[in-house]
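Visitor: I should be grateful for a close look at one sheet in this structure, together with the parts of the chain around it.

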Amino acid sequence: MKIRKRKSSGLFSIVPSKNHGNTQQENIDSFKAIYNDYSDAAFLIEKEGKIIYGNEASQILFGYMEDRKEPFTNYFIHSDRDSIKMCFQRTIMEGKAQRGSFFGIQAGQIADIQATFTPAFNGSNISGAYLTLHVPEQQTALLEFHNDELQRELSELKERKKKILESIDAGIWAFDIGAQRFTVCSEGIRKITGRENADFLTGKVTWKDLVFKQDLEKYELSQSLLSEGKQIRHEYRITLPDGSLKWVSDQTIPTLDEHQNLIRLNGIITDINDHKILLHKVQHISYHDSLTNLPLRRLAEKEIQRLLLKSEKFAIFYIGIDRFKYINDILGHTLADEVLIQVAIRFRYFQEKGCFVSRIAGDEFMIIYPIHSKDGSLQGAEEILSKLSKPFRIDSYEIPLQASIGISTFPEDGDTHIDLIKNAHAALHRGKEAGGRSIQVYTKNNDQKTKRVFEIESGLQKALNKEEFILHYQPKMDIQSGRMIGAEALIRWQHPELGLLPPGEFISIAEKTGLILDIGDWVLKQACVQLKLWMNEGLPVVPISINISPQRFLKYDLVNYITRTLEILQIPPALLELEITETHFLYNEERVNSIIQELRKLGIRIALDDFGTGFSSLTHIKDFQIDTLKIDRSFIKEIETNKNHAILVESLIFLSERLGIDVIAEGVETQNQLEFLKRTQCQYVQGFIFSKPLPVEDFVRYL
């Protein structure tokens with residue numbers, strides 16, 4: 001409650017103005033605005049002498065209650081009631097404030113009261129009066145009352161604070177740097193540390209005493225930031241009274257004085273031990289095989305990378321169980337799984353020797369084996385086969401087991417974990433092709449291609465001759481209207497044995513063998529023929545984009561070949577777009593630029609495909625006249641999770657717009673990706689969210 005200080009003037013200094021048309025409620029509102037927080041008791045009295053309303057002080061000092069419509073004379077002794085009534089009547093008749101001293105009843109005692117009447121107007125008529133009662137002694141009583149209220153509220157606040165601090169699990173503390181002692185230590189500190197708060201408050205125990213010694217260096221490094229006024233938050237382990245360890249999260253806020261000296265620390269400690277245990281379990285599950293409990297490939301790769309940094313010699317044994325599919329088919333999955341578990345148990349021997357053992361997939365394992373020479377790797381492989389040679393006894397079965405091992409060594413067979421694993425795996429396959437139970441060391445000279453690669457390479461020329469290639473078409477869509485504005489022609493190989501192969505399976509091989517030139521011409525011609533068929537059928541055709549390899553792009557007759565094809569089939573050049581990649585510019589930028597200009601003069605559009613995955617340079621956008629920029633799917637895939645990718649995509653869209661270049665985002669698969677591209681004003685998209693690449697018949701229906 002706020003009480004305004006009473007002014008000690010002669011007559012009451014605030015006289016309400018003679019407003020016209022006031023209702024009783026408006027009079028009450030005016031009274032409240034003036035007197036409600038007043039330190040003296042104040043009443044609004046109607047013309048007949050009954051109290052209409054009293055302020056807060058009247059309730060505290062005189063016990064006035066709002067629901068009682070009593071005469072104001074009730075607050076004075078009998079002998080003075082006539083006098084006080086006459087004073088009130090003069091106010092009503094004369095319309096002037098009246099003042100007098102009378103004996104009244106205040107808090108059950110007779111007191112000398114200074115009463116002041118002020119007329120209350122209703123329009124031009126007097127409707128009643130305001131009465132203020134001043135008792136000098138009441139100020140002391142009022143102050144005592146407020147002081148008692150303040151103390152009570154303060155006590156309640158302290159009690160609530162105490163209960164809050166005791167109820168939360170976190171430990172709240174404050175530390176005085178000058179006194180070198182804790183000044184606040186909540187109940188949560190005791191719960192977390194297992195030590196009494198008095199031990200900290202008296203200095204018997206320091207917090208540094210609790211920090212686990214292996215975490216102490218990192219802890220002290222973080223603490224050094226506090227003197228700079230920096231808030232810190234770190235995690236470390238503390239030692240409990242029984243010697244066990246517990247993880248805590250420590251957030252500390254420093255306070256500096258005007259000279260930037262550290263004077264106080266405030267902080268909060270939380271118990272994160274259960275969280276850490278759960279996190280460790282989740283990480284273990286993520287990086288370990290659920291069947292054998294061995295590390296998975298990801299951990300093996302990290303171990304190889306660690307050894308590469310140390311430049312230590314080691315061998316990679318890529319181990320495959322021979323004829324494991326036969327065991328699985330005959331004995332069933334349950335017993336086959338038990339075999340793998342028993343294999344992992346026998347491999348513990350090598351773990352105890354300091355080797356790193358992991359399960360790669362299925363029946364394949366990997367052992368990273370420290371060696372001093374390449375001959376040592378052969379001895380290690382023989383030891384592995386020896387451990388597996390003894391039959392496995394599972395239920396009533398005695399299962400003989402054989403294995404093949406492929407070996408690569410560092411530094412002889414590679415200097416990256418990718419090459420070392422790949423080469424060991426290639427050696428394993430050579431061993432399996434040789435009949436199994438063999439040890440094969442990787443050698444560059446006799447490294448053979450896999451059967452699948454050989455089949456693809458040998459079948460490419462036949463595929464051209466037998467017309468086994470087909471084209472699928474993936475729509476390009478206007479992101480705002482949802483209208484198809486073009487399509488990309490994508491080659492597929494209908495292999496007689498291997499089935500429908502995507503370009504990733506054979507294009508790189510075609511480039512190595514030189515067949516990419518003939519394949520490129522076939523794609524260009526076939527796309528133009530298909531356009532002509534659609535035009536003859538009266539379909540609403542759209543421009544078709546075709547990928548051109550660097551070899552074909554730089555061949556001397558490219559422009560002539562395209563020109564002849566368009567003239568023979570009577571295809572408008574605007575219906576053709578050639579997609580090149582940043583790799584094209586590595587060969588001969590001047591020649592590439594010249595070809596681009598010739599093609600654009602014909603009316604053929606040029607698109608820069610897969611931007612961002614190769615030798616990305618803004619020069620390629622700035623110096624070469626590119627019509628369309630295609631942002632690679634690898635950036636679109638991560639725009640929701642990778643802030644840098646999102647910024648890059650947004651920047652490319654903005655830059656292309658300023659340069660007058662169309663932008664197509666490739667690989668758009670989700671609604672969130674689409675909404676992001678809409679917000680960044682991307683023009684066109686291509687991806688599964690609208691359509692996958694379609695065979696001709698399905699694409700015609702799409703048209």
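Guide: What follows is an account of one open sheet, and then of other parts of the chain.

The model is a predicted one. Its chain holds 25 helices and 26 strands, and 44% of its 703 residues count as buried. Among the contacts in the chain with a separation of 6 or more, 58% are between residues 24 or more positions apart.

The sheet chosen here is open and has five strands, in the order β7-β6-β10-β9-β8, with antiparallel pairing. Its edges are formed by β7, residues 181-185, and β8, residues 232-239, each of which pairs on one side only. From one strand to the next, the twist averages 30°. Within the sheet, strand β6 (residues 171-176) and strand β10 (residues 262-271) run antiparallel and are joined by six bridges. One position can be followed in detail: F175 has L265 in β10 as its bridge partner.

Two helices accompany these strands. Helix α8, residues 216-223, packs on the sheet and touches β8 and β9 (245-256); the direction of α8 makes about 150° with that of β8. Helix α9, residues 273-287, lies across β8, β9 and β10 and runs at about 125° to β9.

The edge strand β7 covers residues 181-185, and C185 is a cysteine worth a closer look. C185 is buried, because its relative accessible area is 13%, which is under the 20% limit. C528 is likewise buried, with a relative accessible area of 1%. A search of the whole structure finds zero disulfides.

A hairpin elsewhere in the chain offers a second view of antiparallel pairing. Strand β3 (residues 98-106) and strand β4 (residues 109-122) pair in the antiparallel sense over nine bridges. G104 has A111 in β4 as its bridge partner. Two residues lie between β3 and β4, and A107 in the turn has a positive phi of about 55°. In a regular strand, side chains alternate between the two faces of the sheet. Strand β3 shows such an alternation: Q98, G100, F102, G104 and Q106 point to one face and are buried, whereas R99, S101, F103 and I105 point to the other and are not.

Helix α12 (residues 333-352) may be considered next. Its 20 residues reach 29 Å from the first C-alpha to the last, close to the 28 Å expected at 1.5 Å a residue. At R346, α12 bends by about 25°. R346 is also one of the buried residues of α12, which include L335, V339, F347 and F350. After α12 comes G354, whose phi is positive, near 95°.

Finally, some details of the backbone deserve attention. Most residues other than glycine have a negative phi, and most peptide bonds are trans. S311, which is not a glycine, has a positive phi of about 55°. S311 is placed in the loop between α10 (297-310) and β11 (314-321), and S311 is exposed, with a relative accessible area of 55%. Q681 has a positive phi near 65° and is also a residue other than glycine. The loop between α24 (671-679) and β26 (684-686) contains Q681, which is exposed at a relative accessible area of 52%. The peptide bond from F410 to P411 is cis, with omega near 15°; P411 lies in the loop between β16 (403-410) and α14 (417-433).

Notes
Residues are numbered from 1 along each chain as its sequence is written. This is a predicted model: local features need pLDDT of at least 70, side-chain atom pairs count only at pLDDT 80 or more; totals for chains, interfaces and linings use all residues. Side-chain values use heavy atoms; hydrogens and water are left out. A disulfide is a pair of cysteine sulfur atoms within 2.5 Å. Buried means under 20% relative accessible area, exposed over 50%, partly exposed in between (1.4 Å probe, protein chains only). Helices (H or I, at least four residues) and strands (E, at least two) are DSSP runs, numbered from the N terminus. Two strands pair if DSSP finds at least two bridges between them. Axes are lines fitted to C-alpha atoms, for helices over the stretch in contact, and angles run from 0 to 180 degrees between N-to-C directions. Contact means heavy atoms within 4.5 Å. The expected span of a helix is 1.5 Å times one less than its number of residues. The bend at a residue is the angle between axes fitted to the seven residues ending there and the seven starting there.
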